[in-house]
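Subject: Structure for your review

Dear colleague,

Please find below the structure that I am handing over to you. My account of what was found in it follows directly after.

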Amino acid sequence: MNFINELEKKAASAGKTIVLCEGEDKRVVEAASKIVKNGIAKIILLGTEEEVKSVAPDVDLSGVKLVDPSTDPNADKYAEILFKAREGKINKKTGAPEYADVAAAKAYILKDRTMYGALILKADDADGFVSGACHSTANTLRPGLQVIKTAPGIKTVSSSFIMVAPETGNKYFSEGIALFADCAINIEPSAEELCDIAIATADTAKKIAGIEPRVAMLSFSTKGSGNDDKYLKSVPKMQQAVELAKTAAPDLVLDGEFQFDAAVAPEVGELKAPGSKVAGHANVFVFPNINAGNIGYKICQRMGGWMAIGPICQGFAKPLNDLSRGCSVNDIVATVAVTALQA
């Protein structure tokens, strides 16, 4: 059984309900149908019957719960939740309260389905949330930060991609799986944030991807071979992140800073970082910033033929995940399966 099939089978056993916010997107509608048909999860799809039929007229939505916020009897309940969650917050542009009253909150959520989906999750009417096929990461994650918020004790919300090797395989990854982080949320993370990202992604690797994490903190430098003190100071930042992570999670197999080839190729790792348990054998990769991470995963996906599942969000109090706007139907299905397993 391949990784995706195993992922979907585990999700089916979990029996969770996931809300998909974008009934106006054909890929999301097709994914909703496939998910329910294959028993991967129960689906709440936000949209109107008219718009769903206009984008996907031939898709069978039997078993999918289609919710139109404008006619949903729960809208008042969700508006109350939003108003209470944001009470006292001031709109920075206007200087006025974000929502003057519950009626104002309701007017807002009837226009913003991403927020509406987050409120369904907040109210425990769903176990997880997936959006982003036709919305930016910022628009998808903002409701999460405003109403779902972070899990207790978590300082850094981050993201990772589960990268699945093509059927032809890859000689450096016998398991056919790797994790990349953070490619979607933190623009220029500090050493402390990189430490949090590394530990969270290792946890995702173990609990969701089912692999024992070997974490490489990436750079253009390997063990001090390069430096950029005159510029961004990214090498010292990664070195500090390594030390922080080793202190915070001493049992985690983690090392760095590494160039990518030193992290994945045994012959290079042995040459550049002899004695390291990670060099040449890494399967979890923490990038120094979003530029490197986002470019890296897309090169792997488009030129290498790897499947990218995610961004998988880490650190929220409830499972809430973003989609790449270039996602396929199968990407959406896989992300829903991951979200179900996080619940």
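Strands β6 and β9 (residues 284-286) pair in the parallel sense over 3 bridges. Within this pairing, Ala 181 has Val 286 of β9 as its bridge partner. Please note that the model is a predicted one.

**The strands around β6**

Strand β6 covers residues 177-181, and 5 of its 5 residues are buried. Cover is found on both faces of β6: Ile 177, Leu 179 and Ala 181 are buried on one side, and Ala 178 and Phe 180 are buried on the other.

Strand β6 also pairs with β5, here in the antiparallel sense and over 5 bridges. In that pairing, Leu 179 of β6 is the bridge partner of Ile 162. Strand β5 (residues 158-164) in turn runs antiparallel to β10, to which 6 bridges join it. One position in β10, Gln 314, stands opposite Ser 158. Strand β10 comprises residues 307-314 and is mostly covered, with 7 of its 8 residues buried.

**The nonpolar cores**

The largest nonpolar core of the model has 58 residues, and the residues with the most contacts inside it are Leu 20, Ile 43, Leu 45, Ile 162 and Met 217. Helix α8 (residues 191-209) contributes the largest share of this core, namely 9 residues. A second core, separate from it, has 29 residues, including Ile 44, Leu 46, Phe 83 and Cys 313.

What does Ile 162 touch, once its neighbours within four places in sequence are left aside? Its contacts are Phe 3, Ile 177, Ala 178, Leu 179, Ile 208, Ala 209, Met 307, Ala 308, Ile 309, Ile 312 and Val 338. Of these, Leu 179 is also the bridge partner of Ile 162 in β6, while Ile 208 and Ala 209 are among the buried residues of α8.

**Helices α8 and α7**

Helix α8 has 19 residues and reaches 25 Å from its first C-alpha to its last, which is close to the 27 Å expected at 1.5 Å a residue. The buried residues of α8 include Ala 191, Leu 194, Cys 195, Ile 197, Ala 198, Thr 201, Ala 202, Thr 204 and Ala 205. Gly 210, just after α8, takes a positive phi of about 75°.

Helix α7 (residues 137-148) has 12 residues, which should span 16 Å at 1.5 Å a residue; the C-alpha atoms at its ends are 16 Å apart, in agreement with that figure. Its buried residues are Thr 140, Leu 141, Pro 143, Gly 144, Gln 146, Val 147 and Ile 148. These buried residues pack against α4 (75-86), α6 (113-122), β4 (128-131), β10 and β11 (320-322). Just after α7, a positive phi of about 65° is found at Lys 149.

**Two individual residues**

Leu 320 belongs to strand β11. Is Leu 320 buried or exposed? Its relative accessibility is 1%, so Leu 320 counts as buried. Beyond its neighbours within four places in sequence, Leu 320 is in contact with Leu 121, Phe 129, Thr 140, Leu 141, Gly 144, Ile 148 and Cys 313. Among these, Thr 140, Leu 141, Gly 144 and Ile 148 are buried residues of α7, and Cys 313 is included in the second core. Leu 320 and Ala 343 are 23 residues apart along the chain, and their C-alpha atoms are separated by 9.4 Å.

Asp 125 is located in the loop between α6 and β4. With a relative accessible area of 31%, Asp 125 is partly exposed. Leaving aside neighbours within four places in sequence, its contacts are Thr 17, Ile 44, Asn 74, Lys 77, Tyr 78 and Ile 120. Asp 125 and Thr 17 are 108 residues apart in sequence, with a C-alpha to C-alpha distance of 8.2 Å.

**The chain as a whole**

The secondary structure amounts to 13 helices and 11 strands. The radius of gyration is 21 Å, close to the 20 Å that the globule rule gives for 343 residues, so the chain is as compact as a globular protein of that length. The C-alpha trace spans about 65 × 50 × 30 Å along its principal axes.

Of the 343 residues in the chain, 53% are buried. Among contacts with a separation of 6 or more, 71% are between residues 24 or more positions apart. The chain exposes about 15700 Å², of which carbon and sulfur atoms supply 51%.

With kind regards

Technical notes: Residues numbered from 1 in each chain as written. Predicted model: local features only at pLDDT ≥ 70, side-chain atom pairs only at ≥ 80, totals over all residues. Heavy atoms only, no water. Core = buried A, V, L, I, M, F, W, Y, C linked by side-chain atoms within 4.5 Å. Buried < 20%, exposed > 50% of the residue type's maximum accessible area, 1.4 Å probe, protein only. Helix = DSSP H or I, 4+ residues; strand = E, 2+ residues; numbered from the N terminus. Contact = heavy atoms within 4.5 Å. Expected span 1.5 Å × (residues − 1). Rg over C-alpha atoms; globule rule 2.2 N^0.38 Å. Areas by Shrake-Rupley, 256 points an atom, 1.4 Å probe, with all protein chains shown as cover. Pairing = 2+ DSSP bridges.
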